[in-house]
Amino acid sequence: MIHIFDGAMGTMLQAGGLKAGGCPELMNIDHPEVVRHIHEAYIEAGATIIETNTFGASRLKLDHYGLEDRVEELNTAAVRIAKEAAGTRAKVAGSMGPTGRFISPLGDLDFEEGGNPVTMKWDRNKRMYHE
């Protein structure tokens, strides 16, 4: 079976009102209808897999916006919106992007702080997608 993924989320969020320099993942809380509409538009265009609006929803990336304490809230909202939009018409995939920071000696993070966000949060993220 061949699957078709959705397209760019960031540019669509900007077209939907995200201000320059704003946090895309905060749209999951402040404007969930915009995020849902984007998912639905991609499904209508033929996407069989849509990605959650969570590309920058890690603690380290959200710290840039002062939202590091809202990681679970933002990720949970993104999963809920995508699953509702997908229904039985599409599958949902989680989107995880880079932190935007480097581990020393190239950056300001030590290994323990930077760690491996994929393996550190895998069990919790897996539970969110299966709920």
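## T54 and its surroundings

The side chains of T54 and T52 make a polar contact at 2.6 Å. This comes from a predicted model. T54 sits in a loop, the one that runs between β1 (49-51) and α4 (59-62).

Is T54 buried or exposed? Its relative accessible area is 4%, so T54 is buried; the cut-off for that class is under 20%.

## Overall fold

The chain has 131 residues. Its secondary structure amounts to 7 helices and 2 strands. Read from the N terminus, the order of elements is α-α-α-β-α-α-β-α-α.

Buried residues make up 36% of the chain. The exposed surface of the chain is about 7900 Å², and 57% of this is supplied by carbon and sulfur atoms. Taking the contacts between residues at least 6 apart in sequence, 75% join residues at least 24 apart.

## Nonpolar cores

In soluble globular proteins, nonpolar side chains tend to be buried together. In this chain, the largest nonpolar core has 15 residues. Within this core, the residues with the most contacts are L13, M27, I38 and I50. Two elements, α3 (32-44) and α5 (71-86), give two or more residues to the core. The most come from α3, which gives 5 residues.

Another core lies apart from the largest one and has 6 residues. Among them are L26, L62, L67 and V71.

## Contacts of I50

I50 is one of the residues with the most contacts inside the largest core. Which residues does I50 contact, leaving aside its neighbours within four places in sequence? On the lower-numbered side of the chain, I50 is in contact with D6, H39 and I43. On the higher-numbered side, the contacts of I50 are A82, A86, K91, V92 and A93.

## G7 in the N-terminal segment

G7 belongs to the segment that comes before α1 (10-15). Its relative accessibility is 32%, so G7 counts as partly exposed; that class lies between the 20% limit for buried and the 50% limit for exposed.

How far apart are the C-alpha atoms of G7 and A47? They are separated by 8.6 Å, while the two residues are 40 residues apart along the chain.

Key. Residues are numbered from 1 along each chain as its sequence is written. This is a predicted model: local features need pLDDT of at least 70, side-chain atom pairs count only at pLDDT 80 or more; totals for chains, interfaces and linings use all residues. Side-chain values use heavy atoms; hydrogens and water are left out. Helices (H or I, at least four residues) and strands (E, at least two) are DSSP runs, numbered from the N terminus. Buried means under 20% relative accessible area, exposed over 50%, partly exposed in between (1.4 Å probe, protein chains only). Contact means heavy atoms within 4.5 Å. Accessible areas come from the Shrake-Rupley method with a 1.4 Å probe; for residues, only the protein chains shown count as cover. A nonpolar core is a set of buried Ala, Val, Leu, Ile, Met, Phe, Trp, Tyr and Cys residues joined through side-chain atoms within 4.5 Å. A polar contact is a pair of N or O atoms within 3.5 Å; within protein, one must be able to donate a hydrogen and the other to accept it, and residues adjacent in sequence count only if both atoms are side-chain atoms.
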